[in-house]
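Please open the model in a viewer and keep the selection tool at hand. The tour proceeds one selection at a time.

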Amino acid sequence: MLLTVTTRADSYIQFMTVLILFVFILAATYLVTKWIAKAQKEKSGNGNLEVIETCRITPNKYVQIIRAGEKYLVIAIGKDEIHMLAELTAEDLVFQELSKGQASDFAGILERVRNLKEKEKE
C-alpha cells in the first residue's frame, strides 16, 4: 500500500517537473526569437532598401518593386538570378491605402476571415 502511494506521488512530481520544464523552454524560445528579430531588424540597415510589392509568377520566380534610396526599381527574381526590368518614379506607383475595415496586423486579418466564413454560412 505504501509503495503504491509513493509511486503515484513520484509520477505526479515527474509530470509537474516535465510540465514546468516545457513551459520554461517555451518561454525561453519566445524570448530568444524576439531578441533575434530585434537584432536582425537593427542589422538590416538604415532604411535605404524596402520591398514595396511582390508578385509571384511561378513557384520560384517573382517580380518585385523595391525602393532603393529615392528610386523605385522593378526586378525579376529567379532561382539563381536577379534582373532589373525597369525604373519607376514615385508618380508611376499607386499606393493602396488601408481602409478602416482593413488591418495589416494578424488580428485584423483573422477578423476578416471570420467575417467571410460567417457570410458563407448565411
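Select strand β3 to begin: this strand is mostly covered, with 5 of its 7 residues buried. Buried means under 20% relative accessible area, exposed over 50%, and partly exposed in between (1.4 Å probe, protein chains only). Helices (H or I, at least four residues) and strands (E, at least two) are DSSP runs, numbered from the N terminus.

The model is predicted: local features need pLDDT of at least 70, side-chain atom pairs count only at pLDDT 80 or more, and totals for chains, interfaces and linings use all residues. Residues are numbered from 1 along each chain as its sequence is written, and side-chain values use heavy atoms, with hydrogens and water left out.

**The neighbours of β3**

Add strand β2, residues 61-68. Strands β2 and β3 pair in the antiparallel sense over 7 bridges; two strands pair if DSSP finds at least two bridges between them. One bridge to display is that of Ile-66, whose partner in β3 is Leu-73. The two strands β2 and β3 form a hairpin with 2 residues between them, and Gly-69 in the turn has a positive phi of about 70°.

Next, add strand β4, residues 82-88. Strands β3 and β4 also pair in the antiparallel sense, over 6 bridges, and they form a hairpin with 4 residues between them. Here Ile-75 stands opposite Met-84 in β4.

**Arg-67**

Select Arg-67, which lies in strand β2. Is Arg-67 buried or exposed? Arg-67 counts as buried because its relative accessible area is 17%. Its side chain reaches the backbone oxygen of Gly-69 at 3.0 Å, the glycine in the turn of the β2-β3 hairpin. Leaving aside neighbours within four places in sequence, Arg-67 is in contact (heavy atoms within 4.5 Å) with Gly-47, Asn-48, Leu-49, Glu-50, Ile-52 and Tyr-72.

**Gln-64**

Stay in strand β2 and select Gln-64. Gln-64 counts as buried because its relative accessibility is 15%. Which side chain makes a polar contact with that of Gln-64? The side chain of Thr-54 does, at 3.1 Å. A polar contact is a pair of N or O atoms within 3.5 Å; within protein, one must be able to donate a hydrogen and the other to accept it, and residues adjacent in sequence count only if both atoms are side-chain atoms. Beyond four places in sequence, the contacts of Gln-64 include Val-51, Leu-73, Val-74 and Ile-77.

**Ile-77**

Move to Ile-77 in strand β3, residues 71-77. The C-alpha atoms of Ile-77 and Val-63 are separated by 6.2 Å, although these residues are 14 apart along the chain. Not counting residues up to four places away in sequence, Ile-77 touches Asn-60, Lys-61, Tyr-62, Gln-64 and Ile-82.

**Phe-15 and the helix**

Select Phe-15 in helix α1, residues 2-43. Phe-15 is exposed because its relative accessible area is 52%. Together with Leu-19, Phe-22, Val-23 and Leu-26, Phe-15 forms a nonpolar patch on the surface.

**The whole chain**

Finally, show everything. The protein chain has 2 helices and 4 strands, in the order α-β-β-β-β-α along the sequence. Of its 122 residues, 10% count as buried. Among contacts between residues at least 6 apart in sequence, 3% join residues at least 24 apart.

Note on methods:
Patches are made of residues with over 30% relative accessible area and no salt bridge: like charges are joined within 9 Å, nonpolar side chains (Val, Leu, Ile, Met, Phe, Trp, Tyr) within 5 Å. Accessible areas come from the Shrake-Rupley method with a 1.4 Å probe; for residues, only the protein chains shown count as cover. A salt bridge is a side-chain nitrogen of Lys or Arg within 4 Å of a carboxyl oxygen of Asp or Glu.
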